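Trainee: Could you take a close look at one part of this protein with me? I'd like to walk through its inside.

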Amino acid sequence: MTINFFGERLKAVRKAKRLTQLELSKRLGVSKGTVSAYEQGLSYPSLVETLVSICSILDTSADYLLNISDDLPFKMGGLTDEQTESILRVVSLIEKANETLNDLNKK
C-alpha cells in the first residue's frame, strides 16, 4: 500500500461525510494543515490516537483507509458497495484533475 492510497480514501470518505478539512481537523484536535498533509500523502496519522479518531469520526474502518479491505462500513443513499466505491473513485479522479489544472494555471 502506498501512503497516497490512504490519503485518497481519507479525502473521499471525508467528503462523503460532508466535512471540510477544517471541520475534521477540529474534531481530531489537529491543524487543518495536518489533515491536508494526510490527504496529500505527505504524512501518516498517529496510529494510536489520530487514526482511531479518524475512523470514529468518519464511521469507517482503518482496514478500508489502509487498503486492507474494500468494504465500506457505511451506505450512501442505499447504493450498493460497488456503486459507492465507483462514486468515491470518480470523486478522487475529479479532485486530482482539478489539482492538476490548478497547478497548470499557477505556472
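Trainee: How many residues does the largest nonpolar core have, and which of them have the most contacts inside it?

Mentor: Keep in mind that we're looking at a predicted model here. The largest nonpolar core is made of 17 residues, and the ones with the most contacts inside it are Leu10, Leu24, Ile54, Leu58 and Leu65. Five helices chip in at least two residues each: H1 (3-16), H2 (21-28), H3 (32-40), H4 (50-58) and H5 (62-65). Helix H4 gives the most, with five residues. As a bit of background, nonpolar side chains in soluble globular proteins tend to be buried together.

Let's zoom in on isoleucine 54. Skipping its neighbours within four places in sequence, Ile54 is in contact with Leu10, Leu28, Tyr38, Pro45 and Leu65. Two of those names, Leu10 and Leu65, you've already met among the core residues with the most contacts.

Now for a polar residue: serine 36 sits in helix H3. Ser36 counts as buried because its relative accessibility is 15%, and the cut-off for buried is under 20%. Ser36 is also 15 residues from glutamine 21 in sequence, yet their C-alpha atoms are 6.9 Å apart in space.

Stepping back, the protein has six helices and zero strands, so to speak an α-α-α-α-α-α pattern along the sequence. Of its 107 residues, 36% are buried. Take the contacts between residues at least 6 apart in sequence: 54% of them join residues at least 24 apart. As for the outside, the protein exposes about 6,600 Å², with carbon and sulfur atoms supplying 53% of that.

How values were computed
Residues are numbered from 1 along each chain as its sequence is written. This is a predicted model: local features need pLDDT of at least 70, side-chain atom pairs count only at pLDDT 80 or more; totals for chains, interfaces and linings use all residues. Side-chain values use heavy atoms; hydrogens and water are left out. A nonpolar core is a set of buried Ala, Val, Leu, Ile, Met, Phe, Trp, Tyr and Cys residues joined through side-chain atoms within 4.5 Å. Buried means under 20% relative accessible area, exposed over 50%, partly exposed in between (1.4 Å probe, protein chains only). Helices (H or I, at least four residues) and strands (E, at least two) are DSSP runs, numbered from the N terminus. Contact means heavy atoms within 4.5 Å. Accessible areas come from the Shrake-Rupley method with a 1.4 Å probe; for residues, only the protein chains shown count as cover.
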